[in-house]
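User: Could you walk me through this structure, step by step? I'm new to reading these.

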Amino acid sequence: MANAQDQFDDGREIELLHYVYGLPADRLAKVRNNPDGVLDAIDEYGRKKKYLMNVGAAKGKIVRDLVAEVKPATMVELGGYIGYSAIAFAGEVKKHANGRSVKYYSLERNPEFAAVIMALADLAGLSDVLKVREGGALNLTNSQTSGHYSHVVFAGHRWSINKLYSTTKERIRRVAH
Ligand SMILES: C[S@@+](CC[C@H](N)C(=O)[O-])C[C@H]1O[C@@H](n2cnc3c(N)ncnc32)[C@H](O)[C@@H]1O
């Protein structure tokens with residue numbers, strides 16, 4: 001029998017979009033431009049409809065606290081799926097921008113998932129900060145992050161940092177020092 005974690009890419013990601021955008025008008029209005037409201041709606045879909053392989057609120061809080069502490073101007077995520085972590089962490093990056101121009105890059109190889117992230121990021125009011133780059137993230141390129149070095153990298157997938165190609169490791173090493 002398949003684990004819940006293995007259940008994805010069966011149409012549920014698009015179904016999620018219909019669920020969120022199909023919320024009653026008054027609820028949708030409260031969710032618009034409200035990252036935490038969008039996260040609540042995604043959690044609700046995961047509870048009531050189908051499992052989604054998101055970082056979730058508990059583990060997400062650890063990273064959100066880190067972002068609040070580090071206040072990165074640029075953050076990169078490897079593997080965005082439907083945008084839960086991207087919305088949670090880009091929202092936090094924006095909250096701590098303190099007048100700086102900040103960016104959160106979410107790299108996602110599945111173009112359908114990348115489109116879902118963009119639609120939910122727009123609803124959350126984060127399109128100015130959250131940039132989705134469709135394509136494989138194992139060889140992180142300058143163009144994927146518009147030439148910016150990141151201050152925080154979130155590995156949103158089970159491949160370990162050690163498996164990332166050397167260019168990626170070099171970029172991560174450079175930002176770690
Ligand atoms: C566990 S999900 C990410 C969950 C997301 N970070 C969150 O917490 O909301 C892993 C995602 O990584 C993507 N992925 C896997 N290999 C990838 C690669 N080489 N480059 C970019 N994305 C990749 C998958 O398509 C999937 O959407």
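**Helix, sheet and core**

Analyst: Sure, and keep in mind that this is a predicted model. Let's start at a helix end: just after H4, Lys71 takes a positive phi of about 50 degrees.

User: How far apart are the end C-alpha atoms of helix H4, and what span should its 15 residues have?

Analyst: Helix H4 covers residues 56-70, and we count 1.5 Å a residue. The DSSP run has 15 residues, and the expected span uses one less than that number, so the helix should span 21 Å. The end C-alpha atoms agree with that, being 21 Å apart.

User: Where is the kink in H4 centred?

Analyst: H4 bends by about 25 degrees. The centre of that kink is Ile62.

User: Which strands stand at the edges of the sheet?

Analyst: The sheet is open, with four strands paired in parallel in the order S3-S2-S1-S4. A strand at the edge has a single partner, so one of its sides is left without a neighbour in the sheet. That describes S3 (130-134) and S4 (152-155).

User: How many bridges join S1 to S2?

Analyst: S1 takes in residues 74-78 and S2 residues 103-108, and the two run parallel. In this pair, Glu77 stands opposite Ser106. The number of bridges joining S1 to S2 is five.

User: Which element gives the largest share of the largest nonpolar core?

Analyst: That core has 42 residues, and Ile87, Ile117 and Leu120 touch the most other members. Several elements supply at least two residues each, including H1, H3 and H5. The largest share, eight residues, comes from H6.

Technical notes: Residues numbered from 1 in each chain as written. Predicted model: local features only at pLDDT ≥ 70, side-chain atom pairs only at ≥ 80, totals over all residues. Bend = angle between axes of the 7 residues up to and from the residue. Pairing = 2+ DSSP bridges. Core = buried A, V, L, I, M, F, W, Y, C linked by C-beta atoms within 7 Å. Buried ≥ 20, exposed ≤ 12 C-beta atoms within 10 Å, placed from the backbone.
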